[in-house]
Amino acid sequence: MMERECCSSTSEKRKQRQNQHEKPYRGIRMRKWGKWVAEIREPNKRSRIWLGSYSSPVAAARAYDTAVFYLRGPSARLNFPDLIIGEDELHDLSAASIRKKATEVGARVDALQTSGHQSSESNWSRASEKPDLNEYPSPETSDEN
């Protein structure tokens with residue numbers, strides 16, 4: 001009987017490790033097509049607050065952190081505890097206001113991360129742009145032939 005308990009706890013630990021690998025942060029999950037989504041349950045209710053869909057797991061996790069901080073206060077378990085700023089307090093703790101604040105934070109983080117990736121690729125994308133064949137060439141845009 002001891003062996004079964006040992007093996008079952010080992011398999012549970014293995015499942016937990018796999019789950020952590022798939023979900024790098026609390027409160028988020030990855031869609032089949034690669035987008036990261038965040039949502040949180042309202043306290044003492046069965047309903048959930050939808051926090052948005054993001055291109056990076058960090059943005060989704062930041063949206064979750066914002067919502068859980070407003071719902072549960074400073075004792076909440078956060079993904080990024082150092083990044084929560086307590087200055088901007090919500091006075092209206094409705095689901096709609098929490099959703100709005102969380103999606104603002106997530107969208108800001110998502111925009112910062114995607115602009116960081118695009119700036120390194122911007123020169124490449126400009127070089128690979130195809131000209132509009134329906135447009136009459138101007139002297140500035142025409143290539144020397």
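Strand 2 is mostly covered in this predicted model, with five of its six residues buried. The strand spans residues 36-41, and much of what follows can be told from there.

Take the sheet to begin with. Three strands make up an open sheet, in the order 1-2-3, and the pairing is antiparallel. Strand 1 and strand 3 sit at the edges with a single partner strand each, so one side of each has no neighbour in the sheet. From one strand to the next, the twist averages 25°. In general terms, the strands of a sheet pair through backbone hydrogen bonds, and they can do this in parallel or antiparallel fashion.

On one flank, strand 1 (residues 28-30) is joined to strand 2 by three bridges, and the two run antiparallel. Ile-28, for instance, has Ala-38 in strand 2 as its bridge partner. The hairpin made by strand 1 and strand 2 has five residues between the strands, and Gly-34 there takes a positive phi near 105°.

On the other flank, six bridges hook strand 2 up to strand 3, again antiparallel. Ile-40 has Ile-49 of strand 3 as its bridge partner, while Arg-41 stands opposite Arg-48, also in strand 3. Helix 2 packs on this sheet and touches strand 1, strand 2 and strand 3, with its direction making about 15° with that of strand 2. As for the turn, the hairpin of strand 2 and strand 3 has six residues between the strands, and Asn-44 in the turn shows a positive phi of about 60°.

Next comes the core. The largest nonpolar core holds 22 residues, and Ile-40 and Leu-51 are the ones that touch the most other members. Two or more residues come from each of strand 2, strand 3 (48-54), helix 2 and helix 3 (95-127). Helix 2 puts in the most, with nine residues. Leu-51 has a long list of contacts once neighbours within four places in sequence are set aside. Among them are Ala-38, Glu-39 and Ile-40, then Ala-63, Tyr-64 and Ala-67, and also Arg-99, Ala-102 and Thr-103.

Ala-67 belongs to helix 2. With a relative accessibility of 0%, Ala-67 counts as buried, because the cut-off for that label is under 20%. Residues up to four places away in sequence aside, Ala-67 touches Ile-40, Leu-51, Ile-98 and Ala-102. Ala-67 and Thr-103 are 36 residues apart along the chain, yet their C-alpha atoms are separated by 9.1 Å.

Helix 2 (residues 57-72) also carries an acidic residue, Asp-65. Asp-65 is buried but has no salt bridge. The nearest side chain of opposite charge belongs to Arg-62, and it lies 5.5 Å away, whereas a salt bridge would call for a side-chain nitrogen within 4 Å of a carboxyl oxygen. What Asp-65 does contact, leaving out neighbours within four places in sequence, is Leu-78, Asn-79, Phe-80 and Ile-84.

Technical notes: Residues are numbered from 1 along each chain as its sequence is written. This is a predicted model: local features need pLDDT of at least 70, side-chain atom pairs count only at pLDDT 80 or more; totals for chains, interfaces and linings use all residues. Side-chain values use heavy atoms; hydrogens and water are left out. Helices (H or I, at least four residues) and strands (E, at least two) are DSSP runs, numbered from the N terminus. Buried means under 20% relative accessible area, exposed over 50%, partly exposed in between (1.4 Å probe, protein chains only). Lys and Arg count as positive and Asp and Glu as negative; His and the chain ends are not counted. Contact means heavy atoms within 4.5 Å. A nonpolar core is a set of buried Ala, Val, Leu, Ile, Met, Phe, Trp, Tyr and Cys residues joined through side-chain atoms within 4.5 Å. Two strands pair if DSSP finds at least two bridges between them. Axes are lines fitted to C-alpha atoms, for helices over the stretch in contact, and angles run from 0 to 180 degrees between N-to-C directions.
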